[in-house]
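Visitor: I would love a close look at one part of this molecule. Could you take me to a pocket and then around its surroundings?

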Amino acid sequence: MLDTKINLFGIEFKNPVMNASGTGGYGKELDSFYPLDTLGGFVSKSCTFNPRFGNPLPRIADASLGCLNCIGLTNPGVKKLAQEEIPPIVNKYPNLPYLCSIAGETKEEYIKEIEILNKVDGIDIYEINISCPNVENGGMALASDPNLAYQITKECKKASKHPIFMKLTPNGVDIAKIAIECEKAGADGLILANSYQGMRIDLRTGKPILSRKIGGYGGPGIFPMALKVIYQCAKVTSIPIIGVGGVSSAEDVIEMLYAGASLVEVGSLNLKDPYACKKIVDELENVMKEYNITSLKDIIKGALKYE
């Protein structure tokens, strides 16, 4: 009997596969393609305290082995999320872990969002996104300073009634150092890592394609780099890690578990194929059999024994 279940803080994930924030809306969008409880858990699009329109068009650019985006945290604001978006999904799928992703410009903004969301039934974990590369204020700047990351983590943990997972940036930082500070401040887990910065230029005009010139690059091309970040942080922290970055197959999921992740998010592939997560879940047991793996929880951090 193959065991795909992962248990964190008494929350049971029937498999480790989830969508990444921003690639499944708030639930109903992805649920229109297949039942959401096919997944181990669902991750909402990041919300902010006030509604955000996001960045001007164009906000998407094609790239080898993936794509770039500068969406800019488009969302209806935390109050609408709490009142209209979360309840229908958690009521329909009461046994599906719901990870609510939040973003902000200041630690005060994060705390106000948490205070509103604490009153909503059905949320299991907060994803504290301090790493968005596509906004002017807040964004990945918050995850680039160890002291700021520590302070935000500490205040969010104090305000939250649920476990908090800090989503960090791999861009231009010693991410292992930031991860250590988050753990010291009380983080229950880490999400590693967000997209890598990149750009594309239109050869007909010489003009950068994205409105912000630079955007977040995601897709299979970043998978080896994401794997490295997970491995680095798993070596120096003891809290669970959710791996994200370039995952496109069941084999990738298993590789991330070996590197140190307990759960795995699938991001850009969902934008190309909305059935991507389901296909990976459907293949997971076959790949486990191929590599003689009987229990996924037993392989977490397996690669670290070779240190």
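Which residues line the second largest pocket?

Guide: Happily! This is a predicted model, in which local features need pLDDT of at least 70 and side-chain atom pairs count only at pLDDT 80 or more, while totals for chains, interfaces and linings use all residues. Residues are numbered from 1 along each chain as its sequence is written, and side-chain values use heavy atoms, without hydrogens or water.

The second largest pocket (an open set of points on a 1 Å grid over the protein atoms alone where a 1.4 Å probe fits, with protein on both sides within 12 Å along at least five of seven lines; lining residues have an atom within 4 Å of a point) is lined by G22, T23, G24, G25, Y26, E29, L30, F33, K45, N270, L271 and P274. Its volume, the space filled by probe spheres set on the points, is about 210 Å³. Helices α1 (28–31) and α8 each give this lining at least two residues; helices here are DSSP runs (H or I) of at least four residues and strands (E) of at least two, numbered from the N terminus. By type, the lining has five nonpolar, five polar and two charged residues, with Asp, Glu, Lys and Arg as charged, Ala, Val, Leu, Ile, Met, Phe, Trp, Tyr, Cys and Pro as nonpolar, and the others, Gly among them, as polar.

T23 also leads us on, as S21, T23, N69, N194 and S195 lie nearest the centre of the largest pocket, which has 34 lining residues. That pocket holds about 590 Å³ of space. The elements that supply two or more residues to its lining are β6 (66–69), β14 (215–218) and α8 (269–272). Its lining residues split into 14 nonpolar, 18 polar and two charged.

Now step back from N194 along the chain. L192 and A193 are joined by a cis peptide bond, with omega about -10 degrees, and A193 sits in the loop between β10 (189–192) and β11 (196–198). L168 is in contact (heavy atoms within 4.5 Å) with this stretch: beyond its neighbours within four places in sequence, its partners include L190, I191, L192, A193 and N194. I130, A143, I175 and C182 are also among the partners of L168.

Another cis bond runs from L57 to P58, with omega near -5 degrees. P58 lies in the loop between β4 (42–43) and β5 (60–63). Further on, L65 has a positive phi near 55 degrees, in the loop between β5 and β6. Most peptide bonds are trans, and most residues other than glycine have a negative phi.
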